[in-house]
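Dear colleague,

Please find the structure below, handed over for your review. My notes on it follow directly after.

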Amino acid sequence: MVNVTADSNKPQEKTVNMSPWAIARRKFFRNKLAMISSFFLLAIMIVSFLAPYITTQDISRVNIGQMSLEPGGEHILGTDKAGRDVFTRLLYGGRISLVVGISCTALVILFGTLVGSIAGYYGGNIDTMLMRFTDFVLTFPFLVFVIVLNTILFGIVDGLWVLIAAISLLSWGGVARIVRSKILAEKENEYILAAISIGCKPSAVIIKHLLPNVLSTIIVQATILFATLIVAESALGFLGIGVPQSIPSWGNMLTASQEADVLRNKPWIWMPPAIILTVTILSINFIGEGLKDALNPKSFR
Amino acid sequence: MSTTETKQAIRQDGKVVKDTLLDIRNLKTYYPVKGGFLKRTVGHVKAVDNISFEIKKGETLGLVGESGCGKSTTGRTILRLLKPTEGQIIFDGKDITNITGAELRKARRDFQMVFQDPYASLNPTQSVGSIISEPIRNFEKRNKEELKEEVLELLSRVGLPPEAYDKYGHEFSGGQRQRIGIARALALKPKLIIADEPVSALDVSVQSQVLNLLKELQGEFDLTYLFIAHDLSVVKHMSDRIGVMYLGNMVEIASNESLYAEPLHPYTQALISAIPEADPKKKKERIVLQGDVPSPQNPPTGCAFHTRCPMAKEECSKVKPVLKEVKPGHQVACILY
């Protein structure tokens, strides 16, 4: 809190015509930890999506002659028990983990916001119906549902999309509740009455007036969700029910550590995905934290 | 609705309305009170309980009463921001009590509102230009330059510099924000503006500026005001006629002069006796009301005011007085008259 007085002694910077968003952006850019995390995450994304240009190793070809090689030489991070290059699989795995994370987050936020804002704005019976449906979805057992969906849709739809659909369908409940509660509080403001009285349609009131004012909460929720969903994907991969084994993901690369021999004696097989996963999650959380500070009008930093 | 068929609306009691912009008949707005495990309605807060009045074109009707008496609810119900429980709202010869959806949205361009809290009534994520142009964009197709010109014209009309166009609400003071709110209400050139305590959140020094602005605009744009306030001096300054509300009921309506010179209802008398006198030598008797305002969920039987009335008689708790004209243009709801 000492910083606060020091900051207020600085000459006032020009704050002409700053929208609340511009102010938040500036606050975020000043947050070092969040900025470092953002660059790190960006780097991970770029490297993952450019994987085919960085490494030319085959991700799925089993090579009996090169099983469990230690790091060094041709294989920077060694090879796994099937003789596949760990570094290559790590890059391609990042692709899967990030794609699952991003698309699930997008779907979850979209659906959760839709349900939450409609329930919150209209209230009454619509609210009751939507929120009881939300409760119903929230009580679904996650693992069982994913396994069943995976089994039913196996072979019909690409495994990755089944996973994304299953995770998204089960995870929007929390967002819907948060958005609803925020909308409930926000719609008591007189500017919502003003919006109605100047002839805005209900959809315009929600999209133009309510959502921009709860967007900060939604953005922060999205970053937290992004981290959670990457972990969820990894957990499923670890258990062997996520993405098919032929496609590497950080989660199913960790499956190897289920063997005591690998866990104890061959750390190069499971450490890289574990470390990169942890650091990625950590950086996403720092970004979330930074966004929360930047978007909170009451924070000083 | 049979009332909307003819050009001149006919009230439920058969009278033809002339020169009346707004005619309120037996308006009731109840808020349901939910309780118990199943959230059933266990009672109603009678925020507006059977009030009737009319506003002529071009006049200002002031509405006074203490906090929680239903003034704001009355205003919001007239604008159909709340659903009336019963009664009729006839605006400019058209019954707007039960219209909904697109029809209601279309009707809204003729009646606008200036809100009480200048800090909560502007969307913090919108620029001033966007706030003021939004009502126009909702009703008409305009190109960008025309729209901006119109907004700048409105800004100058309410006494704000053109630079305000690109700024955001949080960069202005309370009085300036209220001017933005007034510009937004004016944007559609409405016939009626309901001002819901427009100056009660402002500094006294700014209050008079905003009040005078409202008065100037009334002449210029041919406006009719329903002016809601709890400050008697503000209402006196603004209004042609004044209605006094108590616990969801209209207890007295009279012209400005008549009400201040000769208040008839005991509640009005108590209110007016509470206005501080500028001359300290002038001694006047203050009527101090005993007790609190009863709960609007369970209002007293008979006259709602009898529990605090210094002149209450026995019948007061049995007979509910109706508003009747005791002098030309002076209506009061009290069994004493």
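The buried residues of α3(A) are covered by elements of chain A that include α2 (20–30), α4 (51–54), α5 (86–122), α10 (202–239), α11 (250–254) and α13 (267–295), where contact means heavy atoms within 4.5 Å. Helices (H or I, at least four residues) and strands (E, at least two) are DSSP runs, numbered from the N terminus.

This is a predicted model, in which local features need pLDDT of at least 70 and side-chain atom pairs count only at pLDDT 80 or more, while totals for chains, interfaces and linings use all residues. Residues are numbered from 1 along each chain as its sequence is written, chains are lettered from A and ligands numbered from 1 in the order in which they are written, and side-chain values use heavy atoms, with hydrogens and water left out.

The residues of α3(A) that are buried (under 20% relative accessible area, 1.4 Å probe, protein chains only) are Ala34(A), Met35(A), Ser37(A), Ser38(A), Leu41(A), Ile44(A) and Ser48(A).

Two residues of chain B also deserve mention. Asn26(B), placed in strand β1 (residues 20–35) of chain B, has a positive phi near 45° although it is not glycine. Lys189(B), in the loop between α5 (174–186) and β7 (192–196) of chain B, likewise has a positive phi, near 50°, and is not glycine. Most residues other than glycine have a negative phi. Asn26(B) is partly exposed (between 20% and 50%), at a relative accessible area of 36%; for Lys189(B), also partly exposed, the value is 44%.

Yours sincerely
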